[in-house]
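Colleague: I am new to this structure and would like to go through it with you step by step. Could you show it to me before we begin?

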Amino acid sequence: MTGVLRNVNLDRDSPLDLYQQVAGEIRRAISEGEAKPGERLPPAKDLAHVLGCNTNTVLRALRQLRDEGLLEFRRGRGITITGTPEQTALIEHAKQLLHYARMHGYRRDELIQIIEQLG
């Protein structure tokens, strides 16, 4: 993720606050698939260093993204990308399908064959 944000130059003359610019860049990385659901973000202080802003700016952006459902904060696990609501729904659906398949005795090769037929 920090590799994605290394090329970000925050525009200090922009009408958008810096935290909004940071949130926008992380949002863009998630929506374009550069940052994937389940991926962990580095600590806010490290992101702030990479972006050239203070930690409070990054924390404010991260809280905004958490409130939008794109990030999840967990004690001891840090900040994890949950993805866009569409990605999250797709992942949950896939988990349910796998659970159903296991409960009904499908083997791995059978599941792969079914998936190939759908694709």
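Colleague: Is E34 buried, partly exposed or exposed, and what is its relative accessible area?
Modeller: Keep in mind that this is a predicted model, so every value here is computed from it. Buried means under 20% relative accessible area and exposed means over 50%, with partly exposed in between. E34 therefore counts as partly exposed, with a relative accessible area of 36%.

Colleague: With which residue does E34 form a salt bridge?
Modeller: A salt bridge needs a side-chain nitrogen of Lys or Arg within 4 Å of a carboxyl oxygen of Asp or Glu. For E34 the closest N and O atoms of such a pair are 3.2 Å apart, and the partner is R28.

Colleague: Which other residue forms a salt bridge with R28, at a closest N and O separation of 3.0 Å?
Modeller: R28 itself is partly exposed, because its relative accessibility is 25%. Besides the salt bridge with E34, R28 forms one in which the closest N and O atoms are 3.0 Å apart, and the partner there is E32.

Colleague: How far apart are the closest N and O atoms in the salt bridge of E110 and R107?
Modeller: Both residues are partly exposed, E110 with a relative accessible area of 26% and R107 with a relative accessibility of 48%. The closest N and O atoms of E110 and R107 are separated by 3.8 Å.

Colleague: Which residues are joined into one network by salt bridges that share partners?
Modeller: The count of salt bridges comes to eight. Where such bridges share partners, they join four residues into one network, namely E25, R28, E32 and E34.

Colleague: In which order do the three strands of the open sheet lie?
Modeller: The pairing in this open sheet is antiparallel. Its edge strands, each pairing on one side only, are β1 (40–41) and β2 (71–74). Four bridges join β2 to β3, residues 78–81, while β1 and β3 pair over two bridges. The order of the strands is accordingly β1-β3-β2.

Colleague: Which helix packs on the sheet, touching β1, β2 and β3?
Modeller: The helix in question spans residues 55–67, and its direction makes about 110° with that of β2. This helix is α4.

Colleague: Which residue of β3 is the bridge partner of F73?
Modeller: One bridge between the strands β2 and β3 pairs L71 with I81. On the other side, L41 has I79 as its bridge partner in β3. For F73, too, the bridge partner in β3 is I79.

Colleague: Which residue takes a positive phi in the hairpin of β2 and β3?
Modeller: This hairpin has three residues between the strands. The positive phi is near 85°, and the residue that takes it is G76.

Colleague: How far apart in space are A29 and G83, C-alpha to C-alpha?
Modeller: A29 is found in helix α2, which covers residues 18–31, and it counts as buried because its relative accessibility is 0%. In sequence A29 and G83 are 54 residues apart, whereas their C-alpha atoms are separated in space by 9.9 Å.

Colleague: Which residues make the nonpolar surface patch of about 430 Å²?
Modeller: One of its members, L118, lies in helix α6, residues 108–118. L118 counts as exposed because its relative accessibility is 72%. The complete patch is made by Y100, Y106, I114 and L118.

Colleague: In what order do the elements of the protein chain run from the N terminus on?
Modeller: The protein chain has six helices and three strands. Buried residues make up 29% of its 119 residues, and the chain exposes about 8200 Å², of which carbon and sulfur atoms supply 51%. Read from the N terminus on, the elements run α-α-β-α-α-β-β-α-α.

How values were computed: Residues are numbered from 1 along each chain as its sequence is written. This is a predicted model: local features need pLDDT of at least 70, side-chain atom pairs count only at pLDDT 80 or more; totals for chains, interfaces and linings use all residues. Side-chain values use heavy atoms; hydrogens and water are left out. Patches are made of residues with over 30% relative accessible area and no salt bridge: like charges are joined within 9 Å, nonpolar side chains (Val, Leu, Ile, Met, Phe, Trp, Tyr) within 5 Å. Accessible areas come from the Shrake-Rupley method with a 1.4 Å probe; for residues, only the protein chains shown count as cover. Buried means under 20% relative accessible area, exposed over 50%, partly exposed in between (1.4 Å probe, protein chains only). Two strands pair if DSSP finds at least two bridges between them. Contact means heavy atoms within 4.5 Å. Axes are lines fitted to C-alpha atoms, for helices over the stretch in contact, and angles run from 0 to 180 degrees between N-to-C directions.
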